[in-house]
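Welcome, and please get your viewer ready with a cartoon view. We will go from the sheet to the helices and end in the interior.

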Amino acid sequence: MTPPSAPPPPTPTRGPVPTRRPVVAGLLLAAGGGRRLGGLPKALLRHRGRPLAEHAVQALREGGCDPVHVVLGAAAEQVRAEAELDGCTVVANPRWREGMGSSLRAGLASLADTGADAALVCLVDQPGVGAPAVARVRSAYGSRDTLAAAAYAGERGHPVLLGAHRWRGVAAGAEGDRGARRYLAAHRASLVLVECGDIAEPYDIDTADDLDRLE
């Protein structure tokens with residue numbers, strides 16, 4: 001008598017393939033020397049008892065950015081000593097006197113081998129731009145080609161979200177104090193504006209008159 005054959009193995013069920021959560025790095029530009037503030041680096045200005053660099057790092061982290069890279073230049077060692085930057089990658093920019101463009105290039109270069117899908121760029125001298133604005137602009141990420149920026153009453157501002165495929169082009173045009181402005185203007189059709197005027201104030205701390213905005 002022929003023994004009964006074993007039943008075939010069950011066909012495995014295929015559930016949804018998990019998608020990788022995009023890695024959006026925070027990039028804080030904090031290298032400036034505060035020329036219009038009499039040479040006081042903005043990263044060291046005190047707001048609510050702590051340096052502005054520390055406030056900006058906290059906003060990036062609470063807004064969902066990880067990792068966080070911080071570009072320092074003027075008074076870099078003092079900033080390291082006074083601001084809580086634990087867990088951040090600190091990037092030295094010896095060419096900080098050339099302007100914000102050099103810091104943007106240095107920061108993007110530091111992210112090149114991290115596997116990050118995008119960089120969310122913040123400026124150290126905007127304490128009115130906090131975690132809610134960071135999170136809202138971060139949520140605009142769609143792919144490594146994403147180009148997005150906060151808007152205030154329809155006017156482009158910071159933070160700015162740069163998909164990794166954009167970094168080389170942004171760096172190529174980042175000169176002087178222009179930062180990413182040239183690239184954003186040239187790619188206006190691809191730029192997504194994310195209104196943040198209801199949750200942030202985009203003022204800069206540029207001159208002595210602006211110091212009254214610090215708390």
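In what order do the strands of the open sheet run? Keep in mind that this is a predicted model, then colour the seven strands: they line up as β5-β4-β1-β6-β8-β7-β9, with mixed pairing. Now look at the edges, where you will find β5 (89-92) and β9 (192-195); each has a single partner strand, so one side of each is left without a neighbour in the sheet. Tilt the view to follow the twist, which averages 25° from one strand to the next.

Next, select residues 24-30 and 68-72. These are β1 and β4, paired in the parallel sense over five bridges. Show Ala30 too, and you will see Leu72 of β4 standing opposite.

Time for the helices. Select α3 (residues 100-111), which lies across β1, β4, β5, β6 and β8 and runs at about 150° to β1. Then pick α4 (residues 131-138): this helix lies across β1, β6, β7, β8 and β9, at about 55° to β8.

Now switch on side chains. The largest nonpolar core has 39 residues, and those touching the most other members are Leu28, Leu60, Val70, Val79, Leu120 and Leu161. At least two residues each come from β1, α1, β4, β6, α4 and β7. Select α1 in particular, as its five residues are the largest share of this core.

Zoom in on Leu161. Among the residues it touches are Val24, Leu120, Val137, Tyr141 and Leu147.

For a last stop, find another core, apart from the largest one. It has 26 residues, including Leu29, Ala106, Ala119 and Val121.

Note on methods:
Residues are numbered from 1 along each chain as its sequence is written. This is a predicted model: local features need pLDDT of at least 70, side-chain atom pairs count only at pLDDT 80 or more; totals for chains, interfaces and linings use all residues. Side-chain values use heavy atoms; hydrogens and water are left out. Two strands pair if DSSP finds at least two bridges between them. Helices (H or I, at least four residues) and strands (E, at least two) are DSSP runs, numbered from the N terminus. Axes are lines fitted to C-alpha atoms, for helices over the stretch in contact, and angles run from 0 to 180 degrees between N-to-C directions. Contact means heavy atoms within 4.5 Å. A nonpolar core is a set of buried Ala, Val, Leu, Ile, Met, Phe, Trp, Tyr and Cys residues joined through side-chain atoms within 4.5 Å. Buried means under 20% relative accessible area, exposed over 50%, partly exposed in between (1.4 Å probe, protein chains only). Lists of a residue's contacts leave out its neighbours within four places in sequence.
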